[in-house]
Amino acid sequence: MADALTGRRVAILAADGVEQVELVQPRQALADAGARVDLVSLHGGRIQAMNGDIEPADRFDVDQEVSKIGVDDYDALVIPGGTINPDNLRSDADAVGFVRDFVAQGKPVAAICHGPWVLVEADVVRGRTVTSYPSIRTDIRNAGGVVVEEEVVTDHGVTTSRNPDDLPAFCARIVREFAV
């Protein structure tokens, strides 16, 4: 799968508070498969990653601001978790619209841990089977999603996983899904 994504552009949508491992591992897996991966955020400069939501980790350079790009610039989208990151993203109209447009155009989208909160805000979980971190499952059900307890689920182009322990399965699945 070393070249499965050659020529593909993937956006990782993340803000301050992103869970570092959920940003780093998918980005590396996608790059290893040949994708060009951009870190897209709410502002330029750098974002602050976290470990376990409470300990500051590394800072990462932002490649693009979500307000200045569109869904046509990318072939696929990843939304990492952490609790702070998706809360910041779901409060931003440009970020929510970006996610909604990806799903509306049938482009593959993936979210892990608390990342599906942004899918809820974008109103794209209705009728889909998804998984997530346990604390947001009621939100997903209330938004019309069907929640399952599986390490990775793909339903009509939307791939979700529960937590960092699922990263090996999540990364393998997104490479496969983004290659189609």
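**Salt bridges, burial and overall build**

Arg-9 sits in the middle ground of accessibility: with a relative accessible area of 23%, Arg-9 is partly exposed. That value, like everything below, comes from a predicted model. The partner of Arg-9 is Asp-38, and the two side chains meet in a salt bridge with an N to O distance of 2.7 Å. The bridge spans distant parts of the chain, since Arg-9 belongs to strand β1 (residues 9-13) and Asp-38 to strand β3 (residues 36-41), 29 residues apart. On the Asp-38 side things are more closed off: the relative accessibility is 4%, so Asp-38 counts as buried, the cut-off for buried being under 20%.

This bridge has company, as a search of the whole structure turns up nine salt bridges. Another of them pairs Glu-149 with Arg-162, whose side chains come to 2.6 Å, N to O. Both residues are in loops: Glu-149 lies between β10 (146-147) and β11 (152-155), and Arg-162 lies between β12 (158-161) and α6 (167-178), so the pair ties together parts that are 13 residues apart in sequence. Arg-162 has a relative accessible area of 17% and therefore counts as buried. Arg-162 also bridges to Asp-166, where the closest N and O atoms are 2.9 Å apart. Asp-166 is buried as well, just like Arg-162. Shared partners then join Arg-137, Glu-149, Arg-162 and Asp-166 into one salt-bridge network.

Not every buried charge gets this treatment. Glu-19, found in strand β2 (residues 18-19), is buried yet has no salt bridge. The nearest side chain of opposite charge is that of Arg-27, and it is 14 Å away, whereas a salt bridge calls for a nitrogen within 4 Å of a carboxyl oxygen. What does Glu-19 touch instead, leaving out residues up to four places away in sequence? The contacts are Met-50, Asn-51, Gly-52, Asp-53, Gly-81 and Gly-82.

Ser-67 offers a loop position of another sort, placed between β6 (64-65) and β7 (76-79). With a relative accessible area of 43%, Ser-67 is partly exposed. Ser-67 and Ala-93 are 26 residues apart in sequence, and their C-alpha atoms are 9.0 Å apart in space.

Stepping back to the whole chain, the fold is built from six helices and 12 strands. How does the radius of gyration fit a compact globule? For 180 residues such a globule would be near 16 Å, and the chain has 14 Å, which agrees. Along the principal axes, the C-alpha atoms fill a box of roughly 35 × 35 × 30 Å. Buried residues account for 52% of the 180 residues. Links between distant stretches of sequence are plentiful too: of the contacts between residues at least 6 apart, 68% join residues at least 24 apart.

As for the surface, the chain exposes about 7500 Å², and carbon and sulfur atoms supply 44% of that area. The charge count comes to 17 positive and 29 negative, with the mean positions of the two sets 3 Å apart.

Note on methods. Residues numbered from 1 in each chain as written. Predicted model: local features only at pLDDT ≥ 70, side-chain atom pairs only at ≥ 80, totals over all residues. Heavy atoms only, no water. Helix = DSSP H or I, 4+ residues; strand = E, 2+ residues; numbered from the N terminus. Buried < 20%, exposed > 50% of the residue type's maximum accessible area, 1.4 Å probe, protein only. Rg over C-alpha atoms; globule rule 2.2 N^0.38 Å. Contact = heavy atoms within 4.5 Å. Areas by Shrake-Rupley, 256 points an atom, 1.4 Å probe, with all protein chains shown as cover. Lys, Arg positive; Asp, Glu negative; His and termini not counted. Charge placed at Lys NZ, Arg CZ, Asp CG, Glu CD.
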